[in-house]
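Good morning, everyone, and thank you for making time. Today I would like to walk slowly through one structure, starting with its enclosed spaces and ending with a small sheet.

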Amino acid sequence: MLPYGPPADPREVPIAAGFADLPLAYLACVVVGGLLFGYFWRRSRLIGAAGLAVLLTVPFTALIPSAVYGAFPTVDKYGSLAFYLDGVHWRLLDVHDPALQLIGVHMGHNLVTALLDLGAEAFAAVNAHAWLNLVLNLSCSLLLFESLGAPRLAAYACAIAFGFNLHIFRDLNWYTIEKSGVWWLPLYAWALLGASRGERRAAALAPLIYVGASFYNLYWGVLGAGIAAMALLGSARTELRAAVAASALAGSPLFFWQWRLMQGAAAPGDPERFVNERAALDVVSLWPPRWNRLELWRTLDPVVLGLGVRGMNRWIFLGILPFFVLALGPSQNPPYQALLELAPGFWRLAKPECLFEVVWLGLTASAARESGRHAENHRLPWVMFSASVVFWLLAVRSHPVYPAFSAPLPVTLPAGWSAG
């Protein structure tokens, strides 16, 4: 069996962060988070989500300025922070810059970190970025799921399932920050849903959200295109078609610039090695059932999954099926191999498992819609929410990949790094 993630770096210095070690930090998070969620869960999606994030991830919020959230250093987190400190995000127009060629055009996550980097150490800005992503994952999911008819607490259950699942926390533990910002996907789906209902404001917002998602993480641009295709399957509304066309037009410069960065002998990456040594490993596995090496039963909330399957219509099924098939990766997968041949640059998609995000978003959206159909059952939202919190504590918080805390270390780009 493949390990959950990379081996521990010998330079890593763990920080003890149990209740006995940091009682005041725990109490502060419980009191502040409890008050925020208790008062605002009905009144404000954003503040209520912030309170729940503080509560569930205790004592993370209190340690943002003093300890790295997750393992550090790892190749991904150390390298990402080194490139951020080197200012690669300010060199977007230099097509020959080796750091830009390596990372790709999606630098929006670095700009978010820069906005949060207000004189504190850079690792603290990345911590704040991680915390912000968790809050936005919940609040943007709430926005979509309530738009689909879910009562607020049922929407919270679905939001925890999508935006607070084990996969998110594994990425925060070992990998780069933009992988945890899945909130762009429900936000774009919400805009397209509004456009499908004839809402002009939502239709106007859709291309702006799509560009933001693509610039933040180009993978989200690829997934957003899939969400748009799913939306078009279910509606022929003029506003929706206009929103999708405007999104494609607005996002095309970013995809063109990414294509330019991948040209030339100096551009890093060998298509065959990308496919065989990376894309073939980071996949969804049918047996044993895993999402990129994580046990599927600990990643997918069973109550939300059950409701999602029960409420699924043929449009959702047809929309998510291609993404499920492609998430299985290139090995013995003819549809994936065909796409490698037909889609220029598709080989650079080194983590096919990310395509499962669309599958899970479709299922959680289906669960939200199904909960709205049973609005007369006032106990259902409470049962869903309580079950989701208990499942999260037992399956996610207790999992070995859930982030602990590490001491910050000095970060620099080694001389001659680009030669490697």
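By class, the residues that line the second largest cavity are eight nonpolar, three polar and two charged. Please keep in mind throughout that what we have on the screen is a predicted model.

Which residues lie closest to the centre of this second largest cavity? Of the 13 residues in its lining, they are Ile160, Ala161, Asn165, Phe391 and Trp392. If you look for the elements that give two or more residues to this lining, you will find helix 8 (152-163), helix 15 (296-299) and helix 20 (379-397), and of these helix 20 gives the most, with four residues. The space in this cavity comes to about 50 Å³.

How many cavities of 30 Å³ or more are there? The count is two, and the largest has a volume of about 250 Å³. It is lined by 18 residues, of which Lys77, Leu81, Val126, Tyr175 and Ile177 are the closest to its centre. Among the elements that give two or more residues to the lining of the largest cavity are strand 2 (68-69), helix 4 (75-86) and helix 7 (122-147). The lining of the largest cavity divides into 11 nonpolar, five polar and two charged residues.

Let me turn, finally, to the sheet. Three strands form an open, antiparallel sheet in the order 3-4-5, with strand 3 (284-285) and strand 5 (294-295) as the edge strands, each pairing on one side only. Strand 3 pairs with strand 4 (residues 290-291) over two bridges, and here Val284 stands opposite Trp291 in strand 4.

Methods: Residues are numbered from 1 along each chain as its sequence is written. This is a predicted model: local features need pLDDT of at least 70, side-chain atom pairs count only at pLDDT 80 or more; totals for chains, interfaces and linings use all residues. Side-chain values use heavy atoms; hydrogens and water are left out. Two strands pair if DSSP finds at least two bridges between them. On a 1 Å grid over the protein atoms alone, a cavity is a set of points where a 1.4 Å probe fits but cannot get out, and a pocket is an open set with protein on both sides within 12 Å along at least five of seven lines; lining residues have an atom within 4 Å of a point. Grid points are joined across faces, edges and corners, and a volume is the space filled by probe spheres set on the points. Ala, Val, Leu, Ile, Met, Phe, Trp, Tyr, Cys and Pro count as nonpolar, Asp, Glu, Lys and Arg as charged, and the others, Gly among them, as polar.
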